[in-house]
Amino acid sequence: MNWRIRFGVLALIWGFSFLLIKVGTDGFAPFQVTFGRLLFGTAVLAVALGVKRDRLPRGARTWGHLAVAAFLLNALPFSLFSYAELTIPSTLAGICNATTPLWGMALSLVALSEDRPTRVRAAGLGIGFVGVLTVLGAWQGFSGLDVTGTALALLASFSYAVGWIYVRRTLTGTGASNLSLATGQVGLATLQLALVTPLFTSLPDRVEIVPLLAVVALGALGTGWAMLLQYGVVAEVGPTTASMVTYFIPVIATAAGVALLGEQLAWNTPVGALIVLAGAALTQTRAPSRRTAATATSPTRTPAPAPPPAAVAEGPLGSRSEEGVVRT
């Protein structure tokens, strides 16, 4: 299958995930939606691991880091988005998710010494948060906005950003494959939700087929198959091109919510979303390294290319495959 087709399928799966969360919460409690999502996602990844004859990571230290990553990148944000969509439309949840690169850039300036602040990146951060305020209708005093649901969605995006930095600092160079790390991480997140879900929810009186199918699709496609698709795209065209899927997700999430769920869309929502995406794109630019700058000024050498921006592909899951670590 051509990588462009896989790229498009990946964008569709992640874009529709917010609609599937919304439909899933019509029949199940948010924790149940998250648990089902992780369970079916783990099943798909485990099958892929067996087919490839790969093995799970080894070492207590690695598994300890994976447990933290599972909480920050799976259990917590997945649950927060499920709770958020009880009160906010899936379109808004998808747009809030697009703020993840903004949070990541802001945090990386503090946590990662190699991510140096530049004027362009700082401008992107400012533009992005202006976009957030536009989406939320700040000039109207946030009138008609469900503050709790929106805050939960933004907190989920913030959790993704914290988790990426944690993974980058703790799981790089473990020797395990991306598929192995992803399977272990999502499996641990499933165990975390298996412990929490019975404490805060009870079994539904009846199981409706549409919400059940939504949860199955959310896990098997959005947390399982999408990960495998992303591996293929990154391997074929590189993380920089693969990361562009990020910018299609809120567009698809918005279109799906309006067309299929009948969600209302004020003018400031798509306008703000475009501003957010523009700011997010600017935050992914990188300053040239010293070696690159020195080479560029040398009259006897061909200028070397600047390092590519980090992969920021983000739907319900993503990757930093260029660094040998995985976030899902």
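In this predicted model, helix α3 and helix α8 (residues 178-200) cross at roughly 65°. Their axes come within 8 Å. The crossing is right-handed. On the α3 side, the contact is made by T62, W63, L66, A67, A69, A70, F71, L73, N74, A75 and S79. These residues meet L181, G184, Q185, V186, L188, A189, Q192 and L193 of α8. By class, the contact of α3 with α8 has 13 nonpolar and six polar residues. Charged residues are absent from this contact.

Helix α3 spans residues 60-84 and includes S82. Is S82 buried or exposed? Its relative accessibility is 1%. Buried means under 20% relative accessible area, so S82 counts as buried. Which backbone atom does the side chain of S82 reach? The partner is the backbone oxygen of F78, at 3.1 Å. S82 also has neighbours from further along the chain. Leaving aside residues up to four places away in sequence, S82 touches I21, T25, P30, V33 and T34.

V33 appears again in a second helix pair. V33 belongs to the part of α2 that contacts α9. Helix α2 covers residues 30-51, and helix α9 covers residues 209-237. The two axes come within 7 Å and cross at roughly 40°. Because of this angle, α2 is oblique to α9. The crossing of α2 and α9 is right-handed. From α2, the contact draws on V33, G36, R37, F40, G41, V44, L45 and A48. From α9 come V215, V216, L218, G219, A220, T223, G224, W225, M227 and L228. The contact of α2 with α9 divides into 12 nonpolar residues, five polar and one charged.

The loop between α2 and α3 holds R53. What is the phi of R53? The value is positive, at about 55°, although R53 is not a glycine. Most residues other than glycine have a negative phi. The surroundings of R53 can be described as well. The relative accessible area of R53 is 81%. The cut-off for exposed is over 50%, and R53 is therefore exposed.

Taken together, the residues described include one buried serine and one exposed arginine. S82 lies in α3 and is buried. R53 sits in the loop between α2 and α3 and is exposed. The two helix pairs can also be set side by side. The crossing of α3 and α8 is right-handed, and α2 passes α9 in a right-handed crossing.

Notes:
Residues are numbered from 1 along each chain as its sequence is written. This is a predicted model: local features need pLDDT of at least 70, side-chain atom pairs count only at pLDDT 80 or more; totals for chains, interfaces and linings use all residues. Side-chain values use heavy atoms; hydrogens and water are left out. Axes are lines fitted to C-alpha atoms, for helices over the stretch in contact, and angles run from 0 to 180 degrees between N-to-C directions. Helices (H or I, at least four residues) and strands (E, at least two) are DSSP runs, numbered from the N terminus. Angles under 35 degrees count as roughly parallel, over 145 as roughly antiparallel, 65 to 115 as roughly perpendicular and the rest as oblique. A crossing is left-handed if the near helix is turned anticlockwise from the far one by less than a right angle, and right-handed if clockwise. Contact means heavy atoms within 4.5 Å. Ala, Val, Leu, Ile, Met, Phe, Trp, Tyr, Cys and Pro count as nonpolar, Asp, Glu, Lys and Arg as charged, and the others, Gly among them, as polar. Buried means under 20% relative accessible area, exposed over 50%, partly exposed in between (1.4 Å probe, protein chains only). A polar contact is a pair of N or O atoms within 3.5 Å; within protein, one must be able to donate a hydrogen and the other to accept it, and residues adjacent in sequence count only if both atoms are side-chain atoms.
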